[in-house]
Amino acid sequence: MVVVAAVQCCMNLMMLWKLQHNSDQGYTWEPVCLSVELSLFTLLLITLNRQTEKTSRLLYLWRREVEEQRERAADIRQRNEALVYNILPQHVATHFMGIRRKKHEELYSQSYEEIGVLFASMPNFSDFYSEESVNNQGLECLRFLNEVISDFDQLLEATQFHDIIKIKTIGSTYMAASGLNPSRQVKEDDPVKVRWAHLALLVDFAFELVRALQSINEQSFNHFVLRMGINHGPITAGVIGARKPHYDIWGNTVNVASRMESTGKAGCIQVTEETTKILQHFGYVFEQRGLIAVKGKGELMTYYLVGKAASPQQVNGESLDYSRADDETKT
Ligand SMILES: Nc1ncnc2c1ncn2[C@@H]1O[C@H](COP(=O)(O)OP(=O)(O)OP(=O)(O)O)[C@@H](O)[C@H]1O
């Protein structure tokens, strides 16, 4: 456009110069006016063009910024979601993600009738833990514990254990529960093997914990043993706290499961008589321990789980492990 205007101006000026020299007619200002008008018009167009370009560039930058902000917000939301889903069981996290902020302080609780509860502790971990300069004021012990717990957590990622939820760790004690799924639809007249399939899975998970710890022991030249207790029954689950929510379970079933662990034997899984009756349907084999005094419950007949009858070899294997652990008994 500038070029066209310039050419036009030059042509006008040349015409004017020719007219001045070749013609006798008087001097005319028409081409000059035209040139000036054209130049002004061109200038106006250039300014307008520049303004439009500037505006569209600005718009483009704004749009890009908005897009980036939207992406950042989506990313943060995704991370927050992942965090919530890591802290809380999936169905609870879904519940919290779906409600409005102001309702977050409301108590979330859910009652379950048929749940399995597992406590697994490392009774000899407290002997191992010490705050000395040789282990960096206890940091190395915590690093080891972190490795063990992380390996236990990893086991829960296997699809076969999808019905098991880690509740928490209390020191070196790992607490997990099975059957905490509100969408699970079982009827009272369903066969035991259907209703309590998750409890059998919890036992399998307990065996996996033993294997995982054995493998860590082999790598680290340690001799940690698990002392476990399992119980089943009704519980109440809920989330405590709004800022740092914690999912937990409460009830007599949990208390007894904890007692089964604390009064148990290193290398053994102690269960109540009622729990053996269910697990026997799945082929698990038990050894009677006898009556033990449980605070607030009187004397309870308890059993040690020795293996699974379906595979005799495995039963022998598990029994061997337990008898080895007898030497390290700590009740
Ligand atoms: N949600 C839970 N998380 C961790 N431990 C639990 C939970 N619920 C119960 N327990 C444990 O179960 C055990 C038995 O509980 P119970 O209420 O029968 O006795 P207690 O008098 O509270 O326990 P303690 O004698 O150990 O103080 C307790 O050691 C308690 O820590």
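The following exercises, each with a worked solution, concern a predicted model.

**Exercise 1. Determine which residues surround the ligand, and which helix gives the most to this shell.**

Step 1: Listing the shell gives Ile170, Met175, Asp248, Ile249, Trp250, Val254, Asn255, Ser258, Arg259, Lys295 and Gly296.
Step 2: Assigning these residues to elements shows that strand S5 (246–250) and helix H8 (252–262) each supply at least two of them, and H8 gives the most, with 4 residues.
Step 3: Sorting the shell by chemical class yields 5 nonpolar, 3 polar and 3 charged residues.

**Exercise 2. Describe how helix H5 and helix H7 cross, and identify the residues that make the contact.**

Step 1: Two packed helices are described by the angle between their axes together with the distance between those axes.
Step 2: For H5 (residues 139–155) and H7 (residues 197–220), the axes come within 10 Å and cross at roughly 140°, and the crossing is right-handed.
Step 3: On the H5 side the contact is made by Phe144, Glu147, Val148, Asp151, Phe152 and Leu155, while H7 contributes Phe205, Glu208, Leu209, Ala212, Leu213, Ile216 and Ser220.
Step 4: Classified by type, the residues of this contact divide into 9 nonpolar, 1 polar and 3 charged.

**Exercise 3. Establish the sense in which strand S1 pairs with S4 and with S3, and find a residue pair for each.**

Step 1: S1 (residues 108–121) pairs with S4 (residues 227–240) in the antiparallel sense over 12 bridges, and within this pairing Val117 has Asn231 of S4 as its bridge partner.
Step 2: S1 also pairs with S3 (residues 173–178) in the antiparallel sense, over 5 bridges, where Leu118 stands opposite Ala176 of S3.

Notes. Residues numbered from 1 in each chain as written. Predicted model: local features only at pLDDT ≥ 70, side-chain atom pairs only at ≥ 80, totals over all residues. Near = placed C-beta within 6 Å. Helix = DSSP H or I, 4+ residues; strand = E, 2+ residues; numbered from the N terminus. Nonpolar A, V, L, I, M, F, W, Y, C, P; charged D, E, K, R; others polar. Axes fitted to C-alpha atoms, helices over the stretch in contact; angles between N-to-C directions. Left-handed = near helix turned anticlockwise from the far one by under 90°. Contact = placed C-beta atoms within 7 Å. Pairing = 2+ DSSP bridges.
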